[in-house]
Amino acid sequence: MTEMKLINLTPHAICVRSGDQEVVIPPSGQIARVKVDYRPHEIIVVDGLSIPVSLELKAEVEGLPDPQPNTRYIVSRVVLDACLERTDLMVPDTSRAIRDEKGNIVAVPGFIVTA
């Protein structure tokens with residue numbers, strides 16, 4: 001096991017809970033985002049209503065620092081998917097999140113990386 005520095009590049013604090021222990025990783029103040037542009041694609045008609053459909057054109061990732069030794073960056077799934085070559089990115093494991101009575105996420109059990 002290697003001690004890692006975690007930098008949260010999302011706008012939300014991330015609470016990680018394991019058993020009776022938890023740690024909260026606050027937002028760093030820097031947000032990594034995928035800049036997205038849209039182009040008109042087609043018009044579909046539903047019950048007489050014309051509805052525009054746009055084609056999503058993903059562009060560059062903004063706000064993502066260069067890799068640093070012993071540092072992992074917490075990012076959104078969209079950023080992770082746009083940067084599959086990066087081994088220092090991870091997303092909160094929301095598929096197994098701990099939720100309150102209203103269904104809001106209060107903690108996650110860990111993180112997910114890509115292979």
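1. Helices here are DSSP runs of H or I with at least four residues, numbered from the N terminus. The model is predicted. In helix 1, which spans residues 77-82, Arg-77 and Asp-81 sit four residues apart, about one turn of the helix. The two also form a salt bridge, with 3.6 Å between the closest N and O atoms.

2. On exposure of this helical pair: Arg-77 has a relative accessibility of 40% and is partly exposed. Asp-81, at 43%, is likewise classed as partly exposed. Buried requires under 20% and exposed over 50%, so a value of 43% for Asp-81 falls in between.

3. The salt bridges come to four in total. One of them joins Glu-22 to Arg-17, where the closest N and O atoms are 2.9 Å apart. Glu-22 is partly exposed at 47% relative accessibility. Arg-17 is also partly exposed, its relative accessible area being 30%.

4. Arg-86 and Asp-88 make a further salt bridge through their side chains, at 2.8 Å from N to O. Are these two residues buried or exposed? Arg-86 and Asp-88 are both buried.

5. The largest nonpolar core consists of twelve residues, including Ile-7, Leu-9, Ala-32, Val-34, Val-79, Leu-80 and Leu-89. Helix 1 and strand 7 (89-92) are the elements that contribute two or more residues to this core. A separate core of seven residues lies apart from the largest one, and among its members are Val-16, Ile-74, Ala-97 and Val-108.

6. Ala-32, a member of the largest core, can be followed through its contacts. With neighbours within four places in sequence set aside, Ala-32 touches Leu-9, Glu-62, Gly-63, Leu-64, Val-75 and Val-79. Of these partners, Leu-9, Leu-64, Val-75 and Val-79 are listed in the largest core as well.

7. The sheet is open and built from four strands in the order 1-6-7-10, with mixed pairing. Why is one side of strand 1 and of strand 10 left without a neighbour in the sheet? Strand 1 (5-8) and strand 10 (111-112) stand at the edges and each has a single partner strand, so one side of each has no neighbour there.

8. Strand 1 pairs with strand 6 (residues 71-74) in the parallel sense, over four bridges. Within this pairing, Lys-5 has Thr-71 in strand 6 as its bridge partner.

Terms used: Residues are numbered from 1 along each chain as its sequence is written. This is a predicted model: local features need pLDDT of at least 70, side-chain atom pairs count only at pLDDT 80 or more; totals for chains, interfaces and linings use all residues. Side-chain values use heavy atoms; hydrogens and water are left out. Buried means under 20% relative accessible area, exposed over 50%, partly exposed in between (1.4 Å probe, protein chains only). A nonpolar core is a set of buried Ala, Val, Leu, Ile, Met, Phe, Trp, Tyr and Cys residues joined through side-chain atoms within 4.5 Å. Contact means heavy atoms within 4.5 Å. Two strands pair if DSSP finds at least two bridges between them.
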